[in-house]
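Hi everyone, thanks for making the time. Let me put the sequence and the model on the screen, and then we can walk around the structure together.

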Amino acid sequence: MNSELIQTLPIIAGAIAIMAVMVSGMHIATGLLSLGLIGIHFLLPRTIIGDAGYQAWISIDNATLSAVVLYVLMGEMLLHSGMGERAFGALDKLLAGLPGSLLHATIGFGGLFASVSGSSVASAALLGTVTVPPMDQRGYNRRLSYGAVAGGGTLGILIPPSIIMILYGYLGNVSIAALFMAGVVPGLILIGAFSGYIALRVMLKPSLDSAHDSKPTIATRISALPDLIPLVVLATIVFVGIYTGVWTPTEAAAGGCVATLAFLVSYRKFTLFTLQKALQGTLLTSSMIFMILVGSSIIAYVANFLAVPTTLIGLIEDSNWGRYEVLIACCAIFFLLGCFVDGLSISIITVPIILPVMTSVGFDPVWFGVVFTILIEVSLITPPLGMNLFVINGVVPGSNFRDIVLGTAPYFMILLAMIGLLALRPDIALWLPGQLR
(Lines give C-alpha, C1' and ligand atoms only; values in the text may rest on other atoms or scores of the structure.)
Protein backbone atom coordinates (compact mmCIF):
# COMPACT_ATOMS: atom_id res chain seq x y z
CA MET A 1 0.00 0.00 0.00
CA ASN A 2 2.81 2.38 0.90
CA SER A 3 4.57 1.72 -2.40
CA GLU A 4 1.34 2.36 -4.30
CA LEU A 5 0.85 5.60 -2.40
CA ILE A 6 4.39 6.72 -3.20
CA GLN A 7 3.78 5.91 -6.88
CA THR A 8 0.59 7.93 -7.04
CA LEU A 9 1.87 10.98 -5.15
CA PRO A 10 3.52 12.63 -8.22
CA ILE A 11 0.36 12.00 -10.25
CA ILE A 12 -1.93 13.48 -7.61
CA ALA A 13 0.37 16.45 -6.97
CA GLY A 14 0.69 17.14 -10.70
CA ALA A 15 -3.06 16.94 -11.26
CA ILE A 16 -3.74 19.31 -8.37
CA ALA A 17 -1.12 21.76 -9.63
CA ILE A 18 -2.55 21.76 -13.16
CA MET A 19 -6.12 22.25 -11.88
CA ALA A 20 -4.94 25.10 -9.65
CA VAL A 21 -3.41 26.84 -12.66
CA MET A 22 -6.57 26.33 -14.70
CA VAL A 23 -8.90 27.89 -12.13
CA SER A 24 -6.50 30.69 -11.13
CA GLY A 25 -7.33 32.87 -14.10
CA MET A 26 -3.76 32.70 -15.43
CA HIS A 27 -3.32 32.28 -19.19
CA ILE A 28 -3.28 28.54 -19.90
CA ALA A 29 -0.04 28.62 -21.89
CA THR A 30 1.77 30.70 -19.25
CA GLY A 31 0.55 28.45 -16.44
CA LEU A 32 1.56 25.24 -18.19
CA LEU A 33 4.97 26.61 -19.13
CA SER A 34 5.59 27.76 -15.55
CA LEU A 35 4.58 24.37 -14.12
CA GLY A 36 6.79 22.57 -16.61
CA LEU A 37 9.84 24.70 -15.80
CA ILE A 38 9.24 24.28 -12.05
CA GLY A 39 8.99 20.52 -12.55
CA ILE A 40 12.21 20.40 -14.56
CA HIS A 41 14.07 22.50 -11.98
CA PHE A 42 13.00 20.58 -8.87
CA LEU A 43 12.26 17.06 -10.08
CA LEU A 44 14.80 16.31 -12.82
CA PRO A 45 18.59 15.85 -12.55
CA ARG A 46 20.55 19.07 -12.95
CA THR A 47 22.33 17.64 -15.98
CA ILE A 48 19.20 17.73 -18.16
CA ILE A 49 17.64 21.05 -17.11
CA GLY A 50 18.83 22.52 -20.41
CA ASP A 51 16.47 20.16 -22.22
CA ALA A 52 13.55 22.57 -21.61
CA GLY A 53 14.44 24.73 -24.59
CA TYR A 54 14.94 21.71 -26.81
CA GLN A 55 11.57 20.23 -25.78
CA ALA A 56 9.86 23.55 -26.47
CA TRP A 57 11.38 23.65 -29.96
CA ILE A 58 10.63 20.07 -31.03
CA SER A 59 7.03 20.33 -29.75
CA ILE A 60 6.18 22.69 -32.62
CA ASP A 61 8.91 21.86 -35.14
CA ASN A 62 6.72 19.56 -37.22
CA ALA A 63 5.24 20.06 -40.68
CA THR A 64 2.02 18.33 -39.58
CA LEU A 65 1.14 21.32 -37.41
CA SER A 66 1.06 23.60 -40.45
CA ALA A 67 -2.30 21.96 -41.21
CA VAL A 68 -3.67 23.59 -38.04
CA VAL A 69 -2.73 27.05 -39.30
CA LEU A 70 -4.14 26.40 -42.77
CA TYR A 71 -7.48 25.02 -41.57
CA VAL A 72 -7.84 27.96 -39.16
CA LEU A 73 -7.09 30.35 -42.04
CA MET A 74 -9.67 28.66 -44.27
CA GLY A 75 -12.34 28.98 -41.60
CA GLU A 76 -11.39 32.59 -40.82
CA MET A 77 -11.67 33.61 -44.49
CA LEU A 78 -15.14 32.09 -44.71
CA LEU A 79 -16.10 33.63 -41.38
CA HIS A 80 -15.21 37.20 -42.37
CA SER A 81 -16.28 37.07 -46.02
CA GLY A 82 -20.02 36.66 -45.45
CA MET A 83 -20.15 33.42 -47.46
CA GLY A 84 -21.33 31.55 -44.37
CA GLU A 85 -24.44 33.73 -44.12
CA ARG A 86 -25.28 32.97 -47.74
CA ALA A 87 -24.95 29.23 -47.12
CA PHE A 88 -27.28 29.44 -44.13
CA GLY A 89 -29.80 31.41 -46.19
CA ALA A 90 -29.69 28.68 -48.81
CA LEU A 91 -30.35 25.96 -46.21
CA ASP A 92 -33.21 28.04 -44.83
CA LYS A 93 -34.89 28.02 -48.25
CA LEU A 94 -34.22 24.34 -48.85
CA LEU A 95 -35.62 23.23 -45.48
CA ALA A 96 -38.49 25.73 -45.21
CA GLY A 97 -41.81 24.09 -44.44
CA LEU A 98 -40.37 21.50 -42.02
CA PRO A 99 -41.34 21.77 -38.33
CA GLY A 100 -38.60 23.90 -36.80
CA SER A 101 -37.02 24.47 -40.21
CA LEU A 102 -34.55 27.13 -39.06
CA LEU A 103 -33.38 24.89 -36.23
CA HIS A 104 -32.70 22.11 -38.73
CA ALA A 105 -30.94 24.62 -40.97
CA THR A 106 -28.76 25.63 -38.01
CA ILE A 107 -27.70 22.02 -37.39
CA GLY A 108 -27.10 21.46 -41.10
CA PHE A 109 -25.11 24.66 -41.37
CA GLY A 110 -23.05 23.63 -38.34
CA GLY A 111 -22.20 20.33 -40.01
CA LEU A 112 -21.42 22.02 -43.33
CA PHE A 113 -19.23 24.71 -41.82
CA ALA A 114 -17.53 22.06 -39.68
CA SER A 115 -16.37 20.37 -42.87
CA VAL A 116 -14.22 23.40 -43.75
CA SER A 117 -13.35 25.09 -40.45
CA GLY A 118 -12.13 22.42 -38.02
CA SER A 119 -12.88 24.64 -35.03
CA SER A 120 -15.89 24.27 -32.75
CA VAL A 121 -15.47 27.75 -31.25
CA ALA A 122 -15.41 29.36 -34.72
CA SER A 123 -18.49 27.35 -35.71
CA ALA A 124 -20.38 28.35 -32.55
CA ALA A 125 -19.46 32.03 -33.06
CA LEU A 126 -20.64 32.01 -36.67
CA LEU A 127 -23.83 30.10 -35.89
CA GLY A 128 -24.70 32.38 -32.99
CA THR A 129 -24.14 35.50 -35.09
CA VAL A 130 -25.92 34.30 -38.23
CA THR A 131 -28.77 32.05 -37.07
CA VAL A 132 -30.17 33.45 -33.82
CA PRO A 133 -31.43 36.85 -35.18
CA PRO A 134 -33.66 35.27 -37.89
CA MET A 135 -34.92 32.69 -35.38
CA ASP A 136 -35.83 35.53 -33.02
CA GLN A 137 -37.63 37.35 -35.83
CA ARG A 138 -39.75 34.27 -36.53
CA GLY A 139 -40.60 33.69 -32.88
CA TYR A 140 -38.59 30.55 -32.14
CA ASN A 141 -38.20 29.47 -28.54
CA ARG A 142 -34.93 30.95 -27.30
CA ARG A 143 -33.77 27.81 -25.46
CA LEU A 144 -34.29 25.71 -28.57
CA SER A 145 -32.34 28.28 -30.59
CA TYR A 146 -29.43 28.29 -28.15
CA GLY A 147 -29.38 24.49 -28.04
CA ALA A 148 -29.28 24.20 -31.83
CA VAL A 149 -26.40 26.68 -32.01
CA ALA A 150 -24.44 24.87 -29.28
CA GLY A 151 -25.16 21.44 -30.78
CA GLY A 152 -24.31 22.54 -34.30
CA GLY A 153 -21.15 24.20 -33.03
CA THR A 154 -19.83 21.03 -31.44
CA LEU A 155 -19.77 19.36 -34.85
CA GLY A 156 -16.86 21.63 -35.77
CA ILE A 157 -14.26 19.31 -34.22
CA LEU A 158 -15.73 15.94 -35.20
CA ILE A 159 -16.50 16.23 -38.90
CA PRO A 160 -13.19 16.47 -40.79
CA PRO A 161 -11.09 18.52 -40.96
CA SER A 162 -10.71 18.74 -37.19
CA ILE A 163 -8.03 20.70 -35.35
CA ILE A 164 -8.51 18.51 -32.27
CA MET A 165 -7.97 15.36 -34.36
CA ILE A 166 -4.82 16.85 -35.90
CA LEU A 167 -3.44 17.53 -32.42
CA TYR A 168 -4.53 14.09 -31.18
CA GLY A 169 -2.86 12.39 -34.14
CA TYR A 170 0.29 14.48 -33.77
CA LEU A 171 0.63 13.98 -30.01
CA GLY A 172 -0.36 10.31 -30.08
CA ASN A 173 1.41 9.32 -33.32
CA VAL A 174 -1.90 8.23 -34.90
CA SER A 175 -2.76 8.57 -38.59
CA ILE A 176 -4.57 11.90 -39.06
CA ALA A 177 -6.13 10.69 -42.32
CA ALA A 178 -7.60 7.66 -40.52
CA LEU A 179 -8.91 9.91 -37.73
CA PHE A 180 -10.58 12.20 -40.27
CA MET A 181 -12.29 9.24 -41.92
CA ALA A 182 -13.33 7.82 -38.55
CA GLY A 183 -15.15 11.03 -37.65
CA VAL A 184 -17.39 11.10 -40.74
CA VAL A 185 -20.02 8.46 -39.89
CA PRO A 186 -20.37 9.44 -36.18
CA GLY A 187 -20.64 13.07 -37.29
CA LEU A 188 -23.47 12.28 -39.69
CA ILE A 189 -25.23 10.21 -37.02
CA LEU A 190 -24.99 13.15 -34.61
CA ILE A 191 -26.46 15.52 -37.21
CA GLY A 192 -29.37 13.10 -37.62
CA ALA A 193 -29.78 12.72 -33.84
CA PHE A 194 -29.76 16.49 -33.27
CA SER A 195 -32.34 17.06 -36.02
CA GLY A 196 -34.41 14.13 -34.75
CA TYR A 197 -34.52 15.66 -31.28
CA ILE A 198 -35.63 19.01 -32.73
CA ALA A 199 -38.36 17.39 -34.81
CA LEU A 200 -39.63 15.42 -31.81
CA ARG A 201 -39.72 18.48 -29.55
CA VAL A 202 -41.59 20.59 -32.10
CA MET A 203 -44.05 17.79 -32.90
CA LEU A 204 -44.79 17.24 -29.20
CA LYS A 205 -45.12 20.97 -28.52
CA PRO A 206 -45.89 22.93 -31.71
CA SER A 207 -45.95 26.24 -29.80
CA LEU A 208 -42.14 26.06 -29.63
CA ASP A 209 -42.11 26.87 -33.34
CA SER A 210 -44.52 29.70 -34.05
CA ALA A 211 -42.91 30.57 -37.35
CA HIS A 212 -45.08 28.35 -39.58
CA ASP A 213 -42.83 28.81 -42.57
CA SER A 214 -44.55 28.38 -45.90
CA LYS A 215 -43.12 25.90 -48.36
CA PRO A 216 -41.12 27.65 -51.09
CA THR A 217 -41.50 26.74 -54.73
CA ILE A 218 -39.16 24.30 -56.41
CA ALA A 219 -37.67 27.20 -58.37
CA THR A 220 -36.86 28.99 -55.10
CA ARG A 221 -35.18 25.91 -53.69
CA ILE A 222 -33.11 25.44 -56.85
CA SER A 223 -32.08 29.11 -56.85
CA ALA A 224 -30.62 28.62 -53.36
CA LEU A 225 -28.25 25.83 -54.40
CA PRO A 226 -25.45 28.04 -55.83
CA ASP A 227 -24.85 29.58 -52.39
CA LEU A 228 -23.98 26.12 -51.05
CA ILE A 229 -21.44 25.40 -53.78
CA PRO A 230 -18.36 26.93 -52.05
CA LEU A 231 -18.74 24.97 -48.80
CA VAL A 232 -19.65 21.74 -50.61
CA VAL A 233 -16.68 22.05 -52.97
CA LEU A 234 -14.27 22.82 -50.13
CA ALA A 235 -15.55 19.85 -48.10
CA THR A 236 -15.16 17.63 -51.16
CA ILE A 237 -11.61 18.85 -51.78
CA VAL A 238 -10.59 17.93 -48.24
CA PHE A 239 -12.53 14.67 -47.84
CA VAL A 240 -12.20 13.08 -51.28
CA GLY A 241 -8.57 14.17 -51.65
CA ILE A 242 -7.60 12.47 -48.38
CA TYR A 243 -9.81 9.42 -48.94
CA THR A 244 -8.43 8.72 -52.41
CA GLY A 245 -4.84 9.38 -51.34
CA VAL A 246 -4.41 12.34 -53.70
CA TRP A 247 -2.89 14.33 -50.86
CA THR A 248 -2.19 14.34 -47.16
CA PRO A 249 -4.34 16.26 -44.64
CA THR A 250 -1.76 19.07 -44.68
CA GLU A 251 -1.77 19.27 -48.47
CA ALA A 252 -5.58 19.19 -48.41
CA ALA A 253 -5.54 22.18 -46.05
CA ALA A 254 -3.31 24.11 -48.44
CA GLY A 255 -5.54 23.23 -51.39
CA GLY A 256 -8.60 24.25 -49.38
CA CYS A 257 -7.06 27.66 -48.62
CA VAL A 258 -6.30 28.26 -52.29
CA ALA A 259 -9.83 27.20 -53.28
CA THR A 260 -11.34 29.42 -50.57
CA LEU A 261 -9.37 32.40 -51.83
CA ALA A 262 -10.53 31.64 -55.38
CA PHE A 263 -14.17 31.55 -54.25
CA LEU A 264 -13.77 34.86 -52.43
CA VAL A 265 -12.42 36.47 -55.59
CA SER A 266 -15.05 34.92 -57.89
CA TYR A 267 -17.91 35.89 -55.55
CA ARG A 268 -16.42 39.40 -55.17
CA LYS A 269 -16.03 38.93 -51.44
CA PHE A 270 -12.27 39.44 -51.37
CA THR A 271 -11.12 42.70 -49.79
CA LEU A 272 -7.98 43.74 -47.97
CA PHE A 273 -10.06 44.18 -44.82
CA THR A 274 -11.35 40.61 -45.08
CA LEU A 275 -7.83 39.30 -45.60
CA GLN A 276 -6.52 41.36 -42.68
CA LYS A 277 -9.21 40.11 -40.29
CA ALA A 278 -8.68 36.50 -41.42
CA LEU A 279 -4.91 36.73 -40.94
CA GLN A 280 -5.29 38.37 -37.54
CA GLY A 281 -7.70 35.66 -36.37
CA THR A 282 -5.40 32.95 -37.69
CA LEU A 283 -2.37 34.46 -35.97
CA LEU A 284 -4.13 34.75 -32.61
CA THR A 285 -5.62 31.24 -32.70
CA SER A 286 -2.48 29.52 -33.98
CA SER A 287 -0.21 31.32 -31.51
CA MET A 288 -2.47 30.27 -28.65
CA ILE A 289 -2.41 26.64 -29.80
CA PHE A 290 1.36 26.53 -30.22
CA MET A 291 2.08 28.21 -26.88
CA ILE A 292 -0.15 25.68 -25.12
CA LEU A 293 1.69 22.93 -27.01
CA VAL A 294 5.04 24.25 -25.78
CA GLY A 295 3.89 24.36 -22.14
CA SER A 296 2.22 20.96 -22.22
CA SER A 297 5.21 19.33 -23.97
CA ILE A 298 7.50 20.35 -21.10
CA ILE A 299 5.01 18.97 -18.56
CA ALA A 300 4.78 15.75 -20.60
CA TYR A 301 8.58 15.55 -20.63
CA VAL A 302 8.65 15.73 -16.83
CA ALA A 303 5.77 13.23 -16.56
CA ASN A 304 7.54 10.75 -18.84
CA PHE A 305 10.78 11.10 -16.88
CA LEU A 306 8.83 10.32 -13.69
CA ALA A 307 7.17 7.37 -15.51
CA VAL A 308 3.67 8.73 -14.90
CA PRO A 309 2.03 6.94 -17.90
CA THR A 310 3.71 3.65 -16.97
CA THR A 311 2.62 4.07 -13.35
CA LEU A 312 -0.98 4.70 -14.38
CA ILE A 313 -0.99 1.62 -16.59
CA GLY A 314 0.45 -0.46 -13.77
CA LEU A 315 -2.13 0.81 -11.28
CA ILE A 316 -4.98 -0.01 -13.67
CA GLU A 317 -3.59 -3.51 -14.29
CA ASP A 318 -3.31 -4.10 -10.55
CA SER A 319 -6.87 -2.89 -9.97
CA ASN A 320 -8.26 -5.54 -12.38
CA TRP A 321 -10.57 -2.96 -13.96
CA GLY A 322 -12.20 -3.93 -17.23
CA ARG A 323 -11.60 -1.65 -20.20
CA TYR A 324 -15.11 -0.21 -20.09
CA GLU A 325 -14.63 0.67 -16.43
CA VAL A 326 -11.47 2.50 -17.49
CA LEU A 327 -13.46 4.26 -20.23
CA ILE A 328 -16.11 5.39 -17.73
CA ALA A 329 -13.39 6.72 -15.42
CA CYS A 330 -11.83 8.54 -18.38
CA CYS A 331 -15.19 10.12 -19.23
CA ALA A 332 -15.63 11.26 -15.62
CA ILE A 333 -12.20 12.92 -15.70
CA PHE A 334 -13.07 14.78 -18.91
CA PHE A 335 -16.41 15.95 -17.51
CA LEU A 336 -14.58 17.37 -14.51
CA LEU A 337 -11.93 19.03 -16.64
CA GLY A 338 -14.59 20.45 -18.95
CA CYS A 339 -16.05 22.44 -16.06
CA PHE A 340 -12.86 24.46 -15.74
CA VAL A 341 -10.67 24.08 -18.85
CA ASP A 342 -11.25 24.75 -22.56
CA GLY A 343 -11.34 21.77 -24.92
CA LEU A 344 -8.16 22.66 -26.76
CA SER A 345 -6.10 22.76 -23.56
CA ILE A 346 -7.67 19.51 -22.35
CA SER A 347 -6.69 17.72 -25.54
CA ILE A 348 -3.10 18.93 -25.55
CA ILE A 349 -2.56 18.18 -21.86
CA THR A 350 -4.21 14.76 -21.69
CA VAL A 351 -3.36 12.93 -24.94
CA PRO A 352 0.24 11.97 -24.03
CA ILE A 353 -0.97 10.50 -20.72
CA ILE A 354 -4.46 9.16 -21.48
CA LEU A 355 -3.80 7.49 -24.85
CA PRO A 356 -1.17 4.96 -23.62
CA VAL A 357 -3.54 3.99 -20.81
CA MET A 358 -6.47 3.43 -23.18
CA THR A 359 -4.44 1.43 -25.70
CA SER A 360 -3.00 -0.69 -22.87
CA VAL A 361 -6.50 -1.94 -22.01
CA GLY A 362 -7.26 -2.82 -25.64
CA PHE A 363 -8.91 0.21 -27.24
CA ASP A 364 -8.04 1.02 -30.84
CA PRO A 365 -6.25 4.42 -30.96
CA VAL A 366 -8.29 5.57 -33.98
CA TRP A 367 -11.56 4.57 -32.30
CA PHE A 368 -10.54 6.29 -29.10
CA GLY A 369 -9.63 9.36 -31.16
CA VAL A 370 -13.31 9.70 -32.12
CA VAL A 371 -14.47 9.11 -28.53
CA PHE A 372 -11.84 11.56 -27.30
CA THR A 373 -13.10 14.20 -29.77
CA ILE A 374 -16.69 13.71 -28.61
CA LEU A 375 -15.51 14.06 -25.00
CA ILE A 376 -13.91 17.36 -25.98
CA GLU A 377 -17.23 18.36 -27.58
CA VAL A 378 -18.96 17.55 -24.30
CA SER A 379 -16.42 19.67 -22.42
CA LEU A 380 -17.24 22.62 -24.70
CA ILE A 381 -20.86 22.65 -23.50
CA THR A 382 -20.24 21.62 -19.88
CA PRO A 383 -21.27 24.32 -17.38
CA PRO A 384 -20.05 26.44 -15.76
CA LEU A 385 -17.07 27.08 -18.06
CA GLY A 386 -17.90 25.36 -21.34
CA MET A 387 -16.22 27.48 -24.03
CA ASN A 388 -19.11 27.33 -26.50
CA LEU A 389 -21.57 28.46 -23.83
CA PHE A 390 -19.59 31.66 -23.32
CA VAL A 391 -19.11 32.16 -27.06
CA ILE A 392 -22.87 32.01 -27.62
CA ASN A 393 -23.49 34.30 -24.65
CA GLY A 394 -20.98 36.75 -26.10
CA VAL A 395 -22.17 36.88 -29.71
CA VAL A 396 -25.96 36.84 -29.10
CA PRO A 397 -27.27 40.20 -27.78
CA GLY A 398 -29.59 39.89 -24.79
CA SER A 399 -28.84 36.21 -24.25
CA ASN A 400 -29.36 34.60 -20.85
CA PHE A 401 -26.65 32.18 -19.68
CA ARG A 402 -29.12 30.02 -17.76
CA ASP A 403 -31.29 29.58 -20.86
CA ILE A 404 -28.20 28.68 -22.89
CA VAL A 405 -27.24 25.96 -20.40
CA LEU A 406 -30.80 24.54 -20.24
CA GLY A 407 -31.19 24.63 -24.01
CA THR A 408 -27.88 22.83 -24.47
CA ALA A 409 -28.56 20.04 -21.93
CA PRO A 410 -30.35 17.68 -24.40
CA TYR A 411 -27.40 17.89 -26.81
CA PHE A 412 -25.09 17.05 -23.91
CA MET A 413 -27.09 13.86 -23.36
CA ILE A 414 -27.10 13.00 -27.08
CA LEU A 415 -23.31 13.26 -27.16
CA LEU A 416 -23.06 10.91 -24.18
CA ALA A 417 -25.41 8.47 -25.92
CA MET A 418 -23.14 8.62 -28.98
CA ILE A 419 -20.18 7.53 -26.84
CA GLY A 420 -22.25 4.60 -25.57
CA LEU A 421 -23.20 3.65 -29.12
CA LEU A 422 -19.55 3.73 -30.22
CA ALA A 423 -18.63 1.53 -27.26
CA LEU A 424 -21.25 -1.03 -28.36
CA ARG A 425 -20.47 -0.73 -32.08
CA PRO A 426 -16.84 0.32 -32.65
CA ASP A 427 -17.25 -0.41 -36.37
CA ILE A 428 -19.30 2.80 -36.70
CA ALA A 429 -16.02 4.69 -36.38
CA LEU A 430 -13.61 2.09 -37.77
CA TRP A 431 -15.38 0.99 -40.96
CA LEU A 432 -14.41 3.98 -43.12
CA PRO A 433 -10.75 4.05 -41.99
CA GLY A 434 -10.66 0.34 -42.84
CA GLN A 435 -11.78 1.18 -46.37
CA LEU A 436 -9.08 3.86 -46.52
CA ARG A 437 -6.38 1.31 -45.80
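Which side chain meets that of Arg-142 in a salt bridge? The partner is Asp-136, with 2.5 Å from N to O. By salt bridge I mean a side-chain nitrogen of Lys or Arg within 4 Å of a carboxyl oxygen of Asp or Glu.

Before going further, a word on where this comes from. This is a predicted model, so please keep in mind that local features need pLDDT of at least 70, that side-chain atom pairs count only at pLDDT 80 or more, and that totals for chains, interfaces and linings use all residues. Residues are numbered from 1 along each chain as its sequence is written, and side-chain values use heavy atoms, with hydrogens and water left out.

Back to the salt bridges. The count comes to 5 by that rule, and I'll show you some of them. In the pair we started with, Arg-142 counts as partly exposed because its relative accessibility is 24%, and Asp-136 is partly exposed with a relative accessible area of 31%. The cut-offs here are buried under 20% relative accessible area, exposed over 50%, and partly exposed in between, with a 1.4 Å probe and protein chains only.

Next along the chain from Arg-142 is Arg-143, whose side chain meets that of Asp-403 in a salt bridge at 2.9 Å, N to O. This pair links distant parts of the chain: Asp-403 sits in helix α20 (residues 401-424) and Arg-143 in helix α8 (residues 142-154), 260 residues apart. When I say helix, I mean a DSSP run of H or I with at least four residues; strands are E runs of at least two, and both are numbered from the N terminus. Arg-143 is partly exposed, at a relative accessible area of 35%.

One more bridge: Asp-427 and Arg-425 meet through their side chains at 2.8 Å, N to O. Are they buried or exposed, or something in between? Asp-427 is partly exposed, since its relative accessibility is 37%, and Arg-425 is partly exposed too, at 45%.

Now the backbone. Asn-173 has a phi near 55°, a positive value in a residue other than glycine. Asn-173 lies in the loop between α9 (163-172) and α10 (176-204), and it counts as exposed because its relative accessibility is 73%. Arg-268 is not a glycine either, yet it has a positive phi of about 60°. Look for Arg-268 in the loop between α13 (249-266) and α14; its relative accessibility is 78%, so it counts as exposed.

Let's turn to the surface. Which residues form the nonpolar patch? They are Ile-38, Phe-42, Leu-43, Phe-305 and Leu-306, with about 510 Å² of accessible area together. Patches take residues with over 30% relative accessible area and no salt bridge, joining like charges within 9 Å and nonpolar side chains (Val, Leu, Ile, Met, Phe, Trp, Tyr) within 5 Å. The areas come from the Shrake-Rupley method with a 1.4 Å probe, and for residues only the protein chains shown count as cover. Helix α2 (residues 28-43) gives the largest share of the patch, 3 residues. Leu-306 is in the loop between α14 (272-305) and α15 (308-319), and it counts as partly exposed because its relative accessibility is 32%.

A few contacts between C-alpha atoms are worth a look. Gly-394, in helix α19 (residues 387-395), is 9.6 Å from Thr-129, and the two are 265 residues apart in sequence. Phe-335, in helix α16 (residues 323-338), is separated from Ile-376 by 8.9 Å, with their positions 41 residues apart along the chain.

Finally, the inside. Rolling a probe the size of a water molecule over the atoms shows where empty space is left. How many cavities of 30 Å³ or more does the structure hold? There are 2. A cavity is a set of points on a 1 Å grid over the protein atoms alone where a 1.4 Å probe fits but cannot get out, and lining residues have an atom within 4 Å of a point. Grid points are joined across faces, edges and corners, and a volume is the space filled by probe spheres set on the points. The second largest cavity has a volume of about 30 Å³, and its lining is made up of Met-83, Arg-86, Pro-226, Asp-227, Pro-230 and Tyr-267. By class, that lining has 4 nonpolar, no polar and 2 charged residues. Here Ala, Val, Leu, Ile, Met, Phe, Trp, Tyr, Cys and Pro count as nonpolar, Asp, Glu, Lys and Arg as charged, and the others, Gly among them, as polar.

That's my tour, and I'm happy to go back to any view.

Conventions:
1 Å grid on protein atoms, 1.4 Å probe; cavity = no way out; pocket = protein on both sides within 12 Å on 5 of 7 lines; lining within 4 Å.
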